[in-house]
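Me: I'd like to learn how to read helix packing and burial from a model. Can you walk me through it?

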Amino acid sequence: MESRRRRQPALAPDERRAALIAATIPLLHEHGTEVSTRQIAHAAGVAEGTIFGVFQNKNELVVCSVVKALDPEPVLAALAAIDRSAGLRDRLRAAAEIVHARFESNAGLMHAARRLFIAGECGPDAQHQMTSTRGKLLAAVTAVLEPDADRLRITPAEAARLLLLYCGANTFGPFGEGEAFHGAELASLLLDGILLPNSGEQAKC
């Protein structure tokens, strides 16, 4: 007997959009923005024409899916949950692990978002959501460091920016051969630098 696609229950437009986005995100990780509407429809268990009943075109679905996949709220919540009574090194290590995990797991989508942004294929709302994520992430890491502001040679915001730069370079930089740095190593690099304690060299700003 010929196999038939299992019919999906009728959904309200907003629910259908959410279901299609949920089906698209794993395909973006696997195929990038070249994923086809046929692949999306198959993953969602709908006819291909269903996509165009709630999205103007494939690009709109792809942009919405990238924005959803890069939603910073889970990372912001994880950073907010770091125990502020823990030592600075422990907090910084935890923050580095959280940020690095986000960058590493979404590297392909972040590249895709940048290409879509440069190509002008994102609407104003999507552009705002993508660009505002940087500020939110910077503020969240800054808050992790602020309890020890009086112990730092630079402001917590500057230290947070350095940590984000380290994590970003660790994932996206051109010197990624070998095993990536992890939270403890990144925290040590930021707090201790690269000089041995008995090097005799005085730390300078």
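Reply: Sure. Keep in mind that this is a predicted model. Two packed helices are described by the angle between their axes and the distance between the axes. Here, helix 6 (residues 88-105) packs with helix 10 (residues 183-192) at about 125°, and their axes are 8 Å apart.

Me: What does the angle make helix 6 and helix 10 to each other, oblique or roughly parallel?

Reply: Oblique, because the angle falls outside the ranges for roughly parallel, antiparallel or perpendicular. As for handedness, helix 6 makes a right-handed crossing with helix 10.

Me: Which residues in helix 6 and helix 10 meet?

Reply: On the helix 6 side you've got L88, R89, L92, R93, A96 and E97. They meet G183, A184, L186, A187, S188, L190, L191 and D192 in helix 10. Sorted by class, that contact has eight nonpolar, two polar and four charged residues.

Me: Okay, now the core. How many residues does the largest nonpolar core have?

Reply: General idea: in soluble globular proteins, nonpolar side chains tend to be buried together. In this model, the largest nonpolar core has 52 residues, and L20, V66, L79 and L163 have the most contacts inside it. Helix 8 (residues 124-145) gives the most to this core, namely eight residues. Take L79: beyond its neighbours within four places in sequence, it's in contact with R84, A95, I98, L137, A140, V141 and V144.

Me: And S65, is that buried or exposed?

Reply: S65 sits in helix 4 (residues 58-69). It counts as buried because its relative accessible area is 0%, and the cut-off is under 20%. Leaving out residues up to four places away in sequence, S65 touches I21, T24, I25 and L28.

Note on methods: Residues are numbered from 1 along each chain as its sequence is written. This is a predicted model: local features need pLDDT of at least 70, side-chain atom pairs count only at pLDDT 80 or more; totals for chains, interfaces and linings use all residues. Side-chain values use heavy atoms; hydrogens and water are left out. Axes are lines fitted to C-alpha atoms, for helices over the stretch in contact, and angles run from 0 to 180 degrees between N-to-C directions. Helices (H or I, at least four residues) and strands (E, at least two) are DSSP runs, numbered from the N terminus. Angles under 35 degrees count as roughly parallel, over 145 as roughly antiparallel, 65 to 115 as roughly perpendicular and the rest as oblique. A crossing is left-handed if the near helix is turned anticlockwise from the far one by less than a right angle, and right-handed if clockwise. Contact means heavy atoms within 4.5 Å. Ala, Val, Leu, Ile, Met, Phe, Trp, Tyr, Cys and Pro count as nonpolar, Asp, Glu, Lys and Arg as charged, and the others, Gly among them, as polar. A nonpolar core is a set of buried Ala, Val, Leu, Ile, Met, Phe, Trp, Tyr and Cys residues joined through side-chain atoms within 4.5 Å. Buried means under 20% relative accessible area, exposed over 50%, partly exposed in between (1.4 Å probe, protein chains only).
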